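The following note goes through the structure point by point, for a colleague who has the coordinates open. Please read each point against the display.

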Amino acid sequence: MKMKSMGYFAFVLLSISILSYGLSGAVYAQEAPVLPLSVTSDLPSYASGDSITISGSIKTLAEYSQSVTIVVVSPDGNIVTIAQVIPSSDGSYTTTLKAGGTMNTSGDYEIRAQYGSQKITSTFVFTAEGSTAPEPEPEPTPEPEPTPEPEPTPEPTPEPEPTPEPEPTCGAGTELVNGMCQVIKTTEPTPKSGGGCLIATAAYGTELAPQVQFLREIRDNTVMSTESGTSFMTGFNQLYYSFSPTIADMERENPMFQEAVRAFITPMVSTLSIMTLADSGSEEEVLGLGISVIMLNLGMYIAAPALIGVKSYKHFKSRK
């Protein structure tokens, strides 16, 4: 009798163990996996002039401060904007841009996010000004069968509309949010639709540096004011943004490399002051002065070092 009771007790314990294992497995199966890197836009579609907010999260942050590179690519494969965002301590990041500018083709745009070796993509739809989606042809509706006229019913008396309470008036530097006045939060400046000067920004430490602002003004107000300048910048951006995020990260990680890059690009920034002589929108002046600046930099960075190297080689060879 005692052995039979012990066997029954062991059977009950085994049944409870199997049931608890099945329940715990079902609970863990319902948990959604967390991606190492995510990216998305706040809306599925936008029109010209809308503000696009791109955000995401990183599951595991790097040991050193590393930025997330965000690239937006048009339906025809051209890069329309690029940005680098430093994630917060909890791994989240966000940036905003304005629909329009170089974003001038309707269709599906791809968002490419990269954090170290981790990459992920997302999409949104953009509709350019003046383009409308084709309206579907209306389906023929069957003629309704005649129905007997209903007897007139008395019209209900409309209920009086409630008088809305007056909204509070907020002072300077505040805004009305959910019926309460709150201090307006300022955000960091975002790159224009043409993209940011990543290498120069990392070299000089901030987008507000005079050299970076000078480069942006030459690009937007002089070069991009002509068709030839716009075509040049489209091809240049394809090449420049293929390697500039990597160099910018190396500058932030190595102060010595940052100083070397700053010394290297300073003469080139100085030569670009020649472009201020061109009138905005003048194809001839922008093209002529642009070729002069390119030739000057080729001579300064390639021809002059090559000539010095040949002269030094001949000098040491003649002394032997």
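1. A residue is called buried here when its relative accessible area is under 20%, and exposed when that value is over 50%. The model is predicted, and every value below was computed from it. T201 is a first case: its relative accessibility is 13%, so T201 counts as buried. This residue belongs to helix α2. Leaving out residues up to four places away in sequence, T201 touches T206, E207 and V212.

2. The opposite case is K98, in strand β6. K98 has a relative accessibility of 60% and therefore counts as exposed. Apart from neighbours within four places in sequence, K98 is in contact with G49 and D50. Between K98 and A47 there are 9.7 Å from C-alpha to C-alpha, although the two are 51 residues apart in sequence.

3. How are the strands β1, β3 and β6 arranged? These 3 strands form an open sheet in the order β1-β3-β6, with antiparallel pairing. The edges are taken by β1 (37-41) and β6 (92-98); each has a single partner strand, so one side of each lacks a neighbour in the sheet. On average, neighbouring strands of this sheet are turned by 15° against each other, direction ignored. Strand β3 (residues 51-58) is joined to β6 by 7 bridges, and the two run antiparallel. Within this part of the model, I52 stands opposite L97 of β6.

4. A further open sheet consists of 5 strands in the order β2-β8-β7-β4-β5, and its pairing is mixed. At its edges stand β2 (45-47) and β5, each with a single partner strand, so that one side of each is left without a neighbour in the sheet. From one strand to the next, the twist averages 25°. As a general point, strands of a sheet pair through backbone hydrogen bonds, in either a parallel or an antiparallel manner. For β4 and β5 the run is antiparallel, with 6 bridges joining them. V71 stands opposite I82 in β5.

5. Helix α5 packs on this sheet, where it touches β4 and β5, and its direction makes about 15° with that of β5. Which residues of α5 are buried? In this helix, which spans residues 244-253, they are S244, P245, A248, D249 and E251. Viewed down the axis of α5, the buried residues fall within an arc of 155°, and they therefore line one face of the helix. The elements against which they pack include two strands, β4 (68-73) and β5 (79-85). The buried residues of α5 also pack against the helices α2 (198-204), α4 (227-240) and α6 (255-271).

6. The largest pocket has a volume of about 1,200 Å³. Of the 36 residues lining this pocket, F232, M233, F236, M268 and L272 are the closest to its centre. At least two residues of the lining come from each of α2, α3 (210-222), α4, α6 and α7 (283-319). Which helix gives the most to the lining of the largest pocket? That helix is α7, with 10 residues.

7. Some elements recur across these points. Helices α2, α4 and α6 pack against the buried residues of α5, and α2, α4 and α6 also each supply at least two residues to the lining of the largest pocket. Strand β5 is likewise mentioned twice, standing at an edge of the mixed sheet and being touched by α5.

Definitions and conventions. Residues numbered from 1 in each chain as written. Predicted model: local features only at pLDDT ≥ 70, side-chain atom pairs only at ≥ 80, totals over all residues. Heavy atoms only, no water. Buried < 20%, exposed > 50% of the residue type's maximum accessible area, 1.4 Å probe, protein only. Helix = DSSP H or I, 4+ residues; strand = E, 2+ residues; numbered from the N terminus. Arc of directions from axis to C-beta. Contact = heavy atoms within 4.5 Å. Pairing = 2+ DSSP bridges. Axes fitted to C-alpha atoms, helices over the stretch in contact; angles between N-to-C directions. 1 Å grid on protein atoms, 1.4 Å probe; cavity = no way out; pocket = protein on both sides within 12 Å on 5 of 7 lines; lining within 4 Å. Points joined across faces, edges and corners; volume = space filled by probe spheres on them.
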